[in-house]
Amino acid sequence: QAAAPLHPVAVQCQEAQVVVTVHRDLFGTGRLVKAAELTLGSAACLPVAQSAAESTVTFVAGLHECGSTLQVTPDSLIYKTSLSYKPTPSGNVVIMRTNAAVVPIECHYPRKSNVSSNAVQPTWAPFRSTLSAEEKLKFSLRLMNDDWSTERLSNGFQLGESLHLQADVASGDHVPLRLFVDDCVATLSPDRNSSPRYALVDLSGCLVDGRSDDTTSAFISPRPRQETLQFMVDAFRFAGDNRNLIYITCHLKVSPADQAPNPLNKACSFNKASSLWAPVEGTGDICSCCETGNCPSYG
């Protein structure tokens, strides 16, 4: 609402700042107050602009500036400040014709939305989605039967067979997400850092096992859905070890489904026919680091 004698103080609560416009006829008496006698907040910030034609004074301050205070409620962020008018005697120093005044000012922002878009990088999920991801994302990694229709009842394999692995994420009410397998390692114990160990997926989504001779290991393309990623690995055992139980540990992650795959978020298989790395989705160049080995790691 425009500042006018009837409504002498107008406030705009913007994303990162508050704009206060004050009509100098502060009391509606026709007597204009001096701009120098108006300040904002406990820090007594001075106005940034004046309009002689409209008899207005304008303050602009960041939400955290000029001594403002922040109150947090279950639903809102409330920034509080005040406009102060402190008259000084003029001419006859014995009398004053106006009283000092303080006008409380509040800006309310819902906690479940972004206060400032500048703080969120464009490639990130929205702030509220990031919070819910910490609570509601449920990842799974399962052995599937040969046609991917159901989970495999047995975890026993013969050499020469293929493991059908399916990674999923249940995202609930989240923004649409795309699942990636960042790395997978095979070990003889539950400790993924134990020795011996063999990397199946590495370098932020490169199925490096498919680069080995005489393997057909690969990601399945296309995906059945964005929140699912399937891949096949030829059965194997560790050389020189008679144990027949192998542990496979994978690191799964998600990115917004509308974000294009990149060298950090990718699913790349090695195509032996063309001797090239190929992604499940995205442009082929995102897989070039699978060959050079200089892919970016966790980001």
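User: In strand β14, which residue is the bridge partner of L165, and how should I read such a pairing?

Analyst: As a general idea, the strands of a sheet pair through backbone hydrogen bonds, and they do so in either a parallel or an antiparallel sense. In this structure, which is a predicted model, the bridge partner of L165 in β14 is F231, while H164 has M232 as its partner in that strand. These residue pairs belong to a ladder of seven bridges that joins strand β10 (residues 162-170) to β14, the two running antiparallel.

User: Which strand do two bridges join to β14?

Analyst: Strand β13 (residues 218-219) is joined to β14 by two bridges, and these strands run antiparallel. Within that pairing, A218 has M232 as its bridge partner in β14, and M232 is also the partner of H164.

User: Is strand β14 largely enclosed or left open by the rest of the structure?

Analyst: Here the burial of the individual residues is the guide: six of the seven residues of β14 (residues 228-234) are buried, so the strand is largely enclosed by the rest of the structure. Strand β10 is likewise mostly covered, with eight of its nine residues buried. For the chain as a whole, 40% of the 299 residues count as buried.

User: Which strand pairs with β10 over seven bridges and contains L141?

Analyst: Strand β9 (residues 138-144) pairs with β10 in the antiparallel sense over seven bridges, and in β10 the residue standing opposite L141 is A167. When you look at such strands on the model, it helps to recall that in a regular strand the side chains alternate between the two faces of the sheet.

User: How do I read the order of strands in an open sheet, and why is one side of β1 and of β4 left without a neighbour?

Analyst: The order lists the strands as they lie side by side, and here an open sheet of four strands has the order β1-β2-β5-β4, with antiparallel pairing. Strands β1 (9-13) and β4 (49-51) stand at the edges, each having a single partner strand, so one side of each lacks a neighbour in the sheet. From one strand to the next, the twist averages 15°. At one of these edges, β4 pairs with β5 (residues 56-62) in the antiparallel sense over three bridges, and V57 in β5 is the bridge partner of Q50.

User: Which strands form the open sheet of three, and what is its twist?

Analyst: That sheet has the order β12-β11-β15, again with antiparallel pairing. Its edges are β12 (197-201) and β15 (247-256), each with a single partner strand, so one side of each is left without a neighbour in the sheet. The twist averages 20° from one strand to the next. Strand β11 (residues 177-187) and β15 pair over 10 bridges, and among the residues involved V181 has L252 as its bridge partner in β15.

User: How can I read the surroundings of a single residue, such as Q12 or S76?

Analyst: A careful reading takes the element, the accessibility and the contacts together. Q12 is found in strand β1 and is partly exposed, with a relative accessible area of 46%. Leaving aside neighbours within four places in sequence, Q12 is in contact with Q17, V18 and V19, and its C-alpha atom is separated by 8.4 Å from that of C107, a residue 95 positions away along the chain. S76, by contrast, lies in strand β7 and counts as buried, because its relative accessibility of 18% is under the 20% cut-off. Not counting residues up to four places away in sequence, S76 touches Q71, Y109, P110 and R111.

User: How many cavities of 30 Å³ or more are counted, and which residues line the largest cavity?

Analyst: The count comes to one cavity of 30 Å³ or more, and the volume of the largest cavity is about 80 Å³. Its lining is made of 13 residues, of which V18, G62, L63, S68 and T81 lie nearest the centre. Strands β5, β7 (76-85) and β8 (101-110) each supply at least two residues of that lining, with the largest share, three residues, coming from β7. By class, the lining has eight nonpolar, three polar and two charged residues.

Methods
Residues numbered from 1 in each chain as written. Predicted model: local features only at pLDDT ≥ 70, side-chain atom pairs only at ≥ 80, totals over all residues. Heavy atoms only, no water. Pairing = 2+ DSSP bridges. Axes fitted to C-alpha atoms, helices over the stretch in contact; angles between N-to-C directions. 1 Å grid on protein atoms, 1.4 Å probe; cavity = no way out; pocket = protein on both sides within 12 Å on 5 of 7 lines; lining within 4 Å. Points joined across faces, edges and corners; volume = space filled by probe spheres on them. Nonpolar A, V, L, I, M, F, W, Y, C, P; charged D, E, K, R; others polar. Buried < 20%, exposed > 50% of the residue type's maximum accessible area, 1.4 Å probe, protein only. Contact = heavy atoms within 4.5 Å.
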